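Please work through the exercises below with the sequence and the model open beside you, trying each task before reading its solution.

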Amino acid sequence: FPVTIEAMEMPSLYTPKEVADYLKISRGAVYNLVAKQEIESIKVGRHRRFTAQHVKNYMTEKRKVEVMY
């Protein structure tokens, strides 16, 4: 049977400002992390958006780097 949009589990998308507020950094710092490919994101038209998984992955990788030092 065909899968309808209503049946799909859609992840919430967060703006760079929302991610910045959550991480307690500036919005510009979020864009720098994207530019350095330290955090994943997706483009929706001209806009960057993040899933909760993108933020979790970033925090996990950041923690691994901190432990190494």
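**Exercise 1. Find what share of the contacts in the protein with a separation of 6 or more is accounted for by residues 24 or more positions apart, and then look at two examples of residues distant in sequence.**

Step 1. In this predicted model, residues 24 or more positions apart account for 47% of the contacts with a separation of 6 or more.

Step 2. Take Val44, which lies in strand S1, together with Leu13: the two are 31 residues apart in sequence, and their C-alpha atoms are 9.9 Å apart in space. When neighbours within four places in sequence are left aside, Val44 is in contact with Leu13 and Arg49.

Step 3. Turn next to Ser41 and Thr15, which are 26 residues apart along the chain and whose C-alpha atoms are separated by 9.9 Å.

**Exercise 2. Describe the secondary structure of the protein and the order in which its elements follow one another.**

Step 1. Counting the elements gives three helices and two strands.

Step 2. Reading along the sequence, one meets them in the pattern α-α-β-β-α. Helix H1 covers residues 16-23 and helix H2 covers residues 27-35, strand S1 runs over 42-44, strand S2 over 47-49, and helix H3 over 52-68.

**Exercise 3. Determine how the axes of H1 and H2 cross, and which residues make the contact.**

Step 1. The axes of H1 and H2 come within 8 Å and cross at roughly 105 degrees.

Step 2. Angles from 65 to 115 degrees count as roughly perpendicular, and H1 and H2 are therefore roughly perpendicular to each other.

Step 3. On the side of H1, the contact is made by Pro16, Lys17, Val19 and Ala20, while H2 contributes Arg27, Val30 and Tyr31. These contact residues divide into five nonpolar, no polar and two charged.

**Exercise 4. Identify the residues of the largest nonpolar core and the helices that supply them.**

Step 1. As background, nonpolar side chains in soluble globular proteins tend to be buried together.

Step 2. The largest nonpolar core here has 10 residues, namely Val19, Ala20, Leu23, Val30, Leu33, Val34, Ile39, Phe50, Val55 and Tyr58. H1, H2 and H3 each supply at least two residues of this core.

Step 3. Leu33, one of the core residues, touches Ile25, Glu38, Ile39 and Tyr58, if residues up to four places away in sequence are not counted.

Step 4. For the protein as a whole, buried residues make up 20% of the 69 residues, and the accessible surface comes to about 5800 Å², of which 56% belongs to carbon and sulfur atoms.

**Exercise 5. Decide whether Thr51, His54 and Ser41 are buried or exposed, and list what each one touches.**

Step 1. The cut-off needed is that a residue is buried when its relative accessible area is under 20%.

Step 2. Thr51 is found in the loop between S2 and H3, and at 12% relative accessibility it counts as buried. Apart from its neighbours within four places in sequence, Thr51 is in contact with Pro11, Ser12, Leu13 and Tyr14.

Step 3. His54, which is found in H3, has a relative accessible area of 11% and is therefore buried. Not counting residues up to four places away in sequence, His54 touches Ile39, Glu40, Ser41, Ile42 and Arg49.

Step 4. Ser41 lies in the loop between H2 and S1 and, at 18% relative accessibility, counts as buried. With neighbours within four places again left aside, the contacts of Ser41 are Val34, Arg48, Arg49, Phe50 and His54.

**Exercise 6. Work out where Lys24 and Gln37 lie and what sign phi has in each.**

Step 1. Most residues other than glycine have a negative phi.

Step 2. Lys24, although it is not a glycine, has a positive phi of about 60 degrees. Lys24 is found in the loop between H1 and H2, and because its relative accessibility is 73%, it counts as exposed.

Step 3. Gln37 likewise has a positive phi, near 55 degrees, in a residue other than glycine. Gln37 is found in the loop between H2 and S1, where it counts as exposed at 72% relative accessibility.

Definitions and conventions: Residues numbered from 1 in each chain as written. Predicted model: local features only at pLDDT ≥ 70, side-chain atom pairs only at ≥ 80, totals over all residues. Heavy atoms only, no water. Axes fitted to C-alpha atoms, helices over the stretch in contact; angles between N-to-C directions. Helix = DSSP H or I, 4+ residues; strand = E, 2+ residues; numbered from the N terminus. Parallel < 35°, antiparallel > 145°, perpendicular 65-115°, else oblique. Contact = heavy atoms within 4.5 Å. Nonpolar A, V, L, I, M, F, W, Y, C, P; charged D, E, K, R; others polar. Core = buried A, V, L, I, M, F, W, Y, C linked by side-chain atoms within 4.5 Å. Buried < 20%, exposed > 50% of the residue type's maximum accessible area, 1.4 Å probe, protein only. Areas by Shrake-Rupley, 256 points an atom, 1.4 Å probe, with all protein chains shown as cover.
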